[in-house]
Amino acid sequence: MKWINRAALAVAASGMIAAGAQAATLDNIKKEGVLKCGVSQGLPGFSNPDDKGKWTGIDVDFCRAMAAAILGDASKVKYVPLSAKVRFTALQSGEIDVLSRNTTWTFTRDTNLGINFVGVLYYDGQGFMVRKKLGVTSALKLSGAQVCTNTGTTTELNVADYFKSHNMQYKVVAFENSNEVVAAYDAGRCDVYTTDRSGLAAQRTKMKNPDEHMVLPEVISKEPLGPAVRQGDDQFANIARWTLNAMIIAEELGVTSKNADQMKSAKNPEIKRLLGTDGKYGSYIGLDNDWAYRIVKQVGNYAEVYDRNVKPIGLERGVNNLWNKGGILYAPPFR
Amino acid sequence: MSGAVSVTTETPKVAWFRDPRIRSLVFQAVTLLIVLLVGWYLVDNTIDNMRRQNIASGLGFLNDRAGFDIIQSLVPYTSDSSFGQAFVVGLLNTLLVAIIGIFFATLVGFVVGVARLSSNWLIAKMAAAYVETFRNIPLLLQIFFWYHAVLKPLPGPRDSISLLGVVYLNNRGLYLPSPEPFGGFYIVLGLFAAGIAATLWLLRRERKRQEATGERKPVLWTGLGLIFGVPVLAYFVIMLAVGNPLNFDVPALTGFNFTGGVTIIPELFSLVIALSVYTAAFIAENVRSGIQAVSHGQTEAAYALGFRPNLTMRLIIIPQALRVIIPPMTSQYLNLTKNSSLAVAIAYPDLVAVFMGTTLNQTGQAVEVVAITMGVYLLLSLGTAGLMNWYNARVALVER
Ligand SMILES: N[C@@H](CCC(=O)N[C@@H](CS)C(=O)NCC(=O)O)C(=O)O
């Protein structure tokens, strides 16, 4: 029975919390030789296993980048697939080291759950998908609709706020597993499917006739999706935060997985600092000096990761472009 | 050395630590102390560590605004309600599906269990096939199966199947008209209840009279008149005097969906089917073994006295079999209630979905939420077990 598992997990959680010990996460990972990374149960472009169990996606590449930085090998990741509902418990209890699962950074989650977000990997917003034959072109025409979505998400809350503030009636049908959401929507259980717009694009690929559906123009929320770590281990939070920054800075500086070796001897001092040929920046976060070089070399810079994973599901860079290229992606300077 | 021998009349004095009574008391006290200490240590440490990790604790969250909607609620609920109210909604939804499920599981289980012992080969084999199939397929799969089996064939709201223009069926649910009684209708209901009470009293009186004198007057017509005649008469009187005391809110298609009336959502429907079909397979086995436990001599004796097979079953076998059937039945009821927590898989908003799912996730207070949920299931289990034990005591053999 599922809830018994949940209960066991949570009891284990409290047990582990009881056992206490905020042992340095970094030491643990090094000792075990593997990074435990919480991902989704399958969301193309973000974290998705293929039929051989190999994971791909932008969230997955973040896990790989951290493993490259910490363990020197991007493949030393143990992926733990989590439903939206259980993901925070899994992080609190230490079942995973880092949560990289299209998770929205919100005030409550950042402050009240014992976890901290370290940045934004993908700027998103919530949207609505409907069948074209419904003949609706705006979300403001959705009064009376039945809406399918996931439990334990910001989605569930945003949709309540949206319909309430526009004085519209609706019914929400909330599933734990997002494959079930798609199946139910596809079976006609709901008029509308709502989630992050990236999620809509990804899940659409799983539908019987993707062309029969359309995404309405309204974006009803801000969904900054990013990785989170447990509160109270600042060193590990720094590693996670700067793994993300390093990927963005590498793109800014034109350092890619292909040219990383040549770039080591580039003239630009910031490139040298990033790739570890100057200074001893690695030691500030408990790593060696090659940590960021390995991220770029083994996983790639942000643009490479984006183009490899998110482009194929049909999402252009848009706001996720660099700040100096029309987007809002902006990392603090590497110095 | 004195020659005097003192004779003790008391029982020989043993050292206090050899006295079994004291010893067992001491051991129990020590065990209790250890359990309490370990418990205290765990609780204290948990609270301490949660505080250090900045995880919110306490029950204050129950008063906070929930912020999410729930598709089915037996009590008024909106996204402005509190997490505490969401808890109540989830609990009632769990009870609803458990009670309906137990009812149908018992019904189907009895029929199938008796059918398995039928002398008709086909019926017996069909019943056996039922038991073996549904008992051996994982329940979660069955829930998904029924859910999609219910959803697939049903039309969308705009092509709903309509019954007399008041009942509608589509893949959003079964829409029924809901009664909207006015003040006067409660008088009718009151008369109806009074009619039942009066008839029962009449029946008792006549039975007593039969026992005493061997005579008995039929109460059928008087009873029918009291139960139905009087209320119907009152209904029309009220209608003529002040207007129709009972209106119906008939569902109607407005926009995308039907509004008005009451809705039975497909999630409830398919969950009830899945749970009762599954549990009935186990109950059928209990019923079969219970019946088989009654010695065959009873049947033969009944036949010898001229009972027909039907009556033998009803009056001789089943009452004795019940004593064997009831105890394992309790655990099937408990299983059904606990299994209903698989509801979240098909979006039925039961306690686990609403409270241990959404509420836990939105508040992050795993320890409190899980503790409360486990407490509720424990109480439900104890409650069911208590009821069944009481019933069991009533049907149990009274030894004279
Ligand atoms: N960003 C939102 C929603 C995240 C979410 O769970 N989305 C669903 C639908 S796109 C999902 O990831 N499903 C994949 C899965 O459950 O494995 C949040 O953090 O609450």
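**Helix packing and enclosed spaces**

Helix α3(A) crosses α13(A) in a right-handed sense. In this predicted model, the two helices pack at an angle of about 140 degrees, and their axes are 9 Å apart. Angles that are neither under 35, over 145 nor from 65 to 115 degrees count as oblique, and α3(A) is therefore oblique to α13(A). On the side of α3(A), the contact is formed by A:I58, A:D61 and A:R64, while α13(A) contributes A:Y302, A:V305, A:Y306, A:R308 and A:N309. Sorted by class, this contact holds 4 nonpolar, 1 polar and 3 charged residues.

Helix α3(A), which spans residues 58-71, also meets helix α9 of chain A, residues 234-253; their axes come within 10 Å and cross at roughly 115 degrees. The range from 65 to 115 degrees counts as roughly perpendicular, and α3(A) and α9(A) are therefore described as roughly perpendicular to each other. This crossing, too, is right-handed. From α3(A), the residues in contact are A:F62, A:A65, A:M66, A:A69 and A:I70; their counterparts in α9(A) are A:F236, A:I239, A:A240, A:T243, A:L244 and A:M247. The contact of α3(A) with α9(A) comprises 10 nonpolar residues and 1 polar residue, with no charged ones.

The description now turns from helix contacts to the spaces in the model. The largest pocket has a volume of about 1,000 Å³. Its lining consists of 36 residues, and those closest to the pocket centre are A:Q169, A:Y170, A:K171, B:I70 and B:I71. Two or more lining residues come from each of β9 (145-150), α6 (154-165) and β10 (170-175) in chain A, and from each of β7 (257-259) and β8 (262-264) in chain B. The lining of this pocket divides into 18 nonpolar, 14 polar and 4 charged residues.

Closed spaces are present as well: the count is 5 cavities of 30 Å³ or more. The largest cavity has a volume of about 270 Å³. Of the 24 residues that line the largest cavity, A:R101, A:N102, A:N150, A:T153 and A:T195 lie nearest its centre. At least two lining residues are supplied by each of β9, α6, β11 (192-196) and α8 (197-204) of chain A. Among the contributors, β11(A) gives the largest share, 4 residues. By class, the lining of the largest cavity has 4 nonpolar, 16 polar and 4 charged residues. Strand β9 and helix α6 of chain A thus appear in the lining of the largest pocket and in that of the largest cavity.

How values were computed. Residues numbered from 1 in each chain as written. Chains lettered and ligands numbered in written order. Predicted model: local features only at pLDDT ≥ 70, side-chain atom pairs only at ≥ 80, totals over all residues. Heavy atoms only, no water. Axes fitted to C-alpha atoms, helices over the stretch in contact; angles between N-to-C directions. Left-handed = near helix turned anticlockwise from the far one by under 90°. Contact = heavy atoms within 4.5 Å. Nonpolar A, V, L, I, M, F, W, Y, C, P; charged D, E, K, R; others polar. 1 Å grid on protein atoms, 1.4 Å probe; cavity = no way out; pocket = protein on both sides within 12 Å on 5 of 7 lines; lining within 4 Å. Points joined across faces, edges and corners; volume = space filled by probe spheres on them.
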